[in-house]
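The following exercises ask the reader to work through side-chain contacts, strand pairing and cysteine geometry. Each task is followed by a solution in steps.

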Amino acid sequence: MVGVVACSSVSSIKALWETRIRRVQEEQQEAEEQRKRKDRGGATSRLSVGVWEDRAVLARLRQKLQTEDGRLVLRIEQEEWKTLPGCLLQLSQVQEWQIHRTGLQKIPHFISSFQNLLVLDLSRNGVSEIPKQIGKLTRLRELLLSYNRVQFVPEELSCCESLERLELAMNRDLNQLPDQLRNLKKLQHLDLSMNDFTCVPDCVVMLPALEWLDMGGNQLEHLPEDIHRMETLHTLWLQRNQLERLPDNISRMKSLDTLVLSSNRLRDIPPLMEDMSNLSRFVNFRDNPLTLDVALPSRRTETGAEDEEDEEDDREMFGREFMNFYIQEARKRAHAILNVHRVNHVFSLSS
């Protein structure tokens with residue numbers, strides 16, 4: 001009888017604990033389901049907030065759209081847009097971006113989705129990288145990234161086969177270009193001024209349609225000997241570099257009509273340049289330590305007074321007239337020195 005009572009007591013305790021354990025499990029399961037429902041509700045709420053934020057940003061961007069010369073232009077200036085939102089993709093029909101002084105730090109990778117883009121002007125921002133996706137913009141005609149922080153140009157840029165204008169001035173640490181850029185068959189205008197180039201990149205010399213090149217304010221120490229291969233170049237800015245001499249082949253640049261060489265280290269002007277009749281627009285040798293101290297003779301009007309305006313425009317700026325006069329003077333002095341040597345030689349023989 002005692003054994004029966006003990007067995008019954010154990011069974012009751014076991015049933016009690018099983019009931020408690022089951023109840024705890026049910027409570028935990030219900031709590032877990034409530035938490036999941038709450039999380040789903042929070043995610044839905046956050047998603048809803050995100051959608052409304054995107055709508056607000058998109059509405060703000062639409063206010064920046066303008067139509068100019070038949071193009072749809074996105075213009076943002078002097079506002080804070082360090083990043084560009086993904087909702088911008090809904091404006092993929094835009095043909096021109098004009099985003100200046102916004103502090104923009106990065107060109108978004110989704111730039112490749114803007115297949116209609118003709119002009120990408122992001123001057124005066126904080127862009128440090130040109131994404132490889134830029135190469136998918138085969139219709140892009142102008143890429144303007146002056147006054148940014150670009151240090152590297154990707155070879156994929158050479159796939160922008162319609163590119164006619166590329167401006168990378170004042171990026172400071174930029175000092176090389178990928179050789180593949182020579183494939184930009186339509187590039188006419190290239191601005192690499194105020195960077196850190198020590199030579200003219202080979203790919204630049206090989207650009208078949210290049211007409212205008214600015215490499216002023218770099219660290220150029222010499223010009224390529226085959227510079228004459230730039231057959232279509234008509235304007236060349238080389239001011240504020242460290243050039244000490246000019247290659248003779250510069251005289252073979254038949255299209256060149258503007259050459260600016262102020263503030264370099266030139267000691268002489270190549271005599272062959274005397275035949276460069278194409279240099280009719282502008283040539284400048286100001287502030288170079290030229291070997292000869294040459295001054296142009298004064299021009300005077302019929303009244304005998306100097307034509308000051310003409311002096312300022314054509315002569316003070318060391319133009320073509322100065323170039324030719326310097327070459328002539330150098331030739332005269334060379335002949336004079338040669339004659340002196342001849343006389344001295346004859347005198348020494350006779351004595």
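**Exercise 1.** Which side chain meets that of Lys64 in a salt bridge, and at what N to O distance?

*Solution.* The model is predicted. Step one is to identify the partner: the side chain of Lys64 forms a salt bridge with that of Glu79, at 2.4 Å from N to O. Step two is to place the two residues along the chain. Lys64 lies in the loop between helix H1 (2-62) and strand E1, and Glu79 in the loop between E2 and strand E3 (96-100), so that the pair, 15 residues apart, links distant parts of the chain. Step three concerns accessibility. Lys64 counts as buried at 16% relative accessibility, whereas Glu79, at 23%, counts as partly exposed. Finally, Arg60 joins Lys64 and Glu79 in a network of salt bridges. The structure holds eleven salt bridges.

**Exercise 2.** Describe how strands E1 and E2 are joined, and locate the positive phi in their hairpin.

*Solution.* Strand E1 comprises residues 65-68 and strand E2 residues 71-77; the two run antiparallel and are joined by four bridges. One position can be checked directly: Leu65 has Leu74 as its bridge partner in E2. Two residues lie between the strands of this hairpin, where Asp69 takes a positive phi near 50°. The side chains should then be examined. Glu68 and Arg75 form a salt bridge, with their closest N and O atoms 2.4 Å apart. Glu68 is partly exposed, with a relative accessible area of 28%, and Arg75 is also partly exposed, at 23%.

**Exercise 3.** Which residue forms a salt bridge with Arg71, and is that partner buried or exposed?

*Solution.* The partner is Glu96, at 3.0 Å from N to O. Arg71 belongs to strand E2 and Glu96 to strand E3; the pair links distant parts of the chain, 25 residues apart. With a relative accessible area of 9%, Glu96 is buried. Arg71 counts as partly exposed at 22%.

**Exercise 4.** How many disulfides does the model contain, and why does Cys199 form none with the closest cysteine?

*Solution.* The criterion requires two cysteine sulfur atoms within 2.5 Å. For Cys199, the closest cysteine sulfur is that of Cys203, at 9.9 Å, which is too far for a bond. The count for the structure is zero disulfides. As to accessibility, Cys199 counts as partly exposed at 33%, while Cys87 is buried, with a relative accessible area of 8%.

Methods: Residues numbered from 1 in each chain as written. Predicted model: local features only at pLDDT ≥ 70, side-chain atom pairs only at ≥ 80, totals over all residues. Heavy atoms only, no water. Pairing = 2+ DSSP bridges. Buried < 20%, exposed > 50% of the residue type's maximum accessible area, 1.4 Å probe, protein only. Salt bridge = Lys/Arg side-chain N within 4 Å of Asp/Glu carboxyl O.
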